[in-house]
Amino acid sequence: MLVLPLPQPATQVRLFSAPRAGEAGRNGNTIGTYICEDLGCSMLIRTAPPHLNPPATIAMRGASLLQRVQNFTADIMKSA
């Protein structure tokens with residue numbers, strides 16, 4: 001099941017970017033992703049009344065958030 005992140009107002013989201021590893025990074029290649037400005041994403045997936053945000057939903061959102069973070073860091077480490 002695809003669990004989408006909770007939408008955030010544009011004023012609360014920022015582009016985080018980092019140079020790629022190796023030669024690609026030295027050549028100025030970067031990768032970026034939009035993340036909650038205050039890095040509070042893990043708290044935001046839990047902010048809803050319990051009847052709208054059961055533990056199973058929180059667990060799925062947490063797993064999805066973790067996967068997106070892991071994908072971002074893996075992409076940074078790619079040298080090409």
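1. Starting with the buried face of H3: in this predicted model, the helix has Thr 57, Arg 61, Ser 64, Leu 65, Phe 72 and Ile 76 buried. Note that the list includes Arg 61 and Ser 64 as well as Leu 65 and Phe 72.

2. What do those buried residues of H3 pack against? Their partners are both strands and a helix: S1 (13-19), S2 (30-36) and H2 (41-44).

3. As for the helix itself, H3 runs over residues 55-77, 23 residues in total. From first C-alpha to last it reaches 33 Å, and the expected figure at 1.5 Å a residue is 33 Å, so the two are close by the span rule of 1.5 Å times one less than the number of residues.

4. On the H2 side, have a look at Ser 42, which sits in that helix. Is Ser 42 buried, exposed or in between? Its relative accessible area is 36%, so it counts as partly exposed, since buried would need under 20% and exposed over 50%. Ser 42 and Leu 65 are 23 residues apart in sequence, yet their C-alphas lie 7.6 Å apart in space.

5. Stepping back to the whole chain: there are three helices and two strands, and along the sequence they come in the order β-α-β-α-α.

6. A few overall numbers to finish. Buried residues account for 21% of the 80 residues. Of the contacts between residues at least 6 apart in sequence, 47% link residues at least 24 apart. The accessible surface is about 5,800 Å², with 64% of that belonging to carbon and sulfur atoms.

How values were computed. Residues numbered from 1 in each chain as written. Predicted model: local features only at pLDDT ≥ 70, side-chain atom pairs only at ≥ 80, totals over all residues. Heavy atoms only, no water. Helix = DSSP H or I, 4+ residues; strand = E, 2+ residues; numbered from the N terminus. Buried < 20%, exposed > 50% of the residue type's maximum accessible area, 1.4 Å probe, protein only. Contact = heavy atoms within 4.5 Å. Areas by Shrake-Rupley, 256 points an atom, 1.4 Å probe, with all protein chains shown as cover.
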